[in-house]
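Let's take a walk through this protein together, with an eye on its aromatic rings. Have the model open beside you as you read.

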Amino acid sequence: VTITTRLLVSHLSGIRHYEKDITKVKEEKERANRALKLTKSHQDKEQKAKEGKGIENTECVKQKKEHDSETKSRNSKPGRNDKEFEQEEYYLKEKFESVIESLKIFKNDPLFFKPGDQFLYSTYGFTLLSAVVERASGQKFTDYMLKMFRDLDMLSTVLDDNEAMIYNRARCYIYNKKGRLVNAPYVDNSYKWAGGGFLSSVGDLLKFGNALLYSYQAGQFKNRNGKLLPGYLKPGTVAMMWTPVPKTEVSWDRDGKYAMAWAVVEKNQQYGCCRQQRHYASHTGGAVGASSVLLILPEELGPEVLGAWPVAPPRGVIVTIICNMQSVSLNSTALKIAREFDKEKRAQ
């Protein structure tokens, strides 16, 4: 088979995640699909009721109860029932000198499916991706990334190295089996620098989001006398990164699809005076003792904005949340915050 970098960055490679048993992965996917079908079925029943029936039949009540049960299960107290964090490889303590060396963890394991056929979120896919960057750049992946962070003025973004003295590093926490808050166990992240091995700050992630949004919008603004500097990336590159890829899915937002290392929700509105779906890109982060999200809501640019000067990009709302607690769902909170700021901007 052939695995391309595009397949890796969209989690379509077939490379496993932390779970080695493909049967368990399939069962988990089936449960998730059933929950999604129940949600959609319940929404359809509610829509029909609004259209004139007004009476909820027995089947609808049954589905509503099943849907509520699924929702309750998904929204249970953080850290208590999160099976993913029961995987042993989350807690590796071995130090790898290079990303090439860390490939030995999974390089001899079978693929779960033919590359390109199915979506499976894989941290190890990004470990392989970091090895590609290392070979293509001729530099250690960590050196390459730290130089990029300096270019972006992200001076507080560093490797999550346990031995290094890092100012203002937060202590991380988890719930133990008894539901009590305890310090997170020690792990060595050298096996997954690209998939969860960096420490950052809210300020740095805002800079990162603004750099991407600027790059995305720079080509849409009129460049008056060369005063508008180019973005860090070409507009077409960011547009490609934020284009949904077929056969993908997003666990933290059912409206979205996975793109290239980003989850993307496209602009959509089916009915007048009803729910309006705005275009945005986001990604959550989950590690031992920590949770995070970065969400970018671009402003919908009209001719009056694009032609005005000195109005310039970035135009939109960036929301980032970093939490030193494991298994905290943050995307919906970030989206609510972004919508409130966007609403305020529109009212001005």
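Two rings of Phe, Tyr or Trp count as a pair if their centres lie within 6.5 Å. With that in mind, look at this predicted model: Tyr18, Tyr90, Tyr91, Phe106, Tyr124 and Tyr191 form one aromatic cluster. The structure as a whole holds ten aromatic pairs.

A good place to start is the pair made by tyrosine 18 and tyrosine 124, which is edge-to-face, with 5.6 Å from centre to centre and 65° between the planes. This pair links distant parts of the chain, 106 residues apart: tyrosine 18 sits in the loop between α1 (5-9) and α2 (22-53), while tyrosine 124 belongs to helix α5 (residues 123-137).

Now stay with tyrosine 124 and turn to tyrosine 191. These two rings form a tilted pair, 6.3 Å centre to centre and with 50° between the planes. Tyrosine 191 lies in the loop between β3 (181-183) and α7 (193-196) and tyrosine 124 in helix α5, so their pair ties together parts that are 67 residues apart in sequence.

Are these tyrosines buried or exposed? Tyrosine 18 is buried. Tyrosine 124 is buried too, with a relative accessible area of 0%, and tyrosine 191 is buried with a value of 1%.

Finally, step back to the whole protein. You will find eleven helices and nine strands, and 37% of the 348 residues count as buried. The accessible surface comes to about 20700 Å², and 52% of that belongs to carbon and sulfur atoms.

Definitions and conventions. Residues are numbered from 1 along each chain as its sequence is written. This is a predicted model: local features need pLDDT of at least 70, side-chain atom pairs count only at pLDDT 80 or more; totals for chains, interfaces and linings use all residues. Side-chain values use heavy atoms; hydrogens and water are left out. Rings of Phe, Tyr and Trp (its six-membered ring) pair if their centres lie within 6.5 Å; planes under 30 degrees apart count as stacked, over 60 as edge-to-face and the rest as tilted. Helices (H or I, at least four residues) and strands (E, at least two) are DSSP runs, numbered from the N terminus. Buried means under 20% relative accessible area, exposed over 50%, partly exposed in between (1.4 Å probe, protein chains only). Accessible areas come from the Shrake-Rupley method with a 1.4 Å probe; for residues, only the protein chains shown count as cover.
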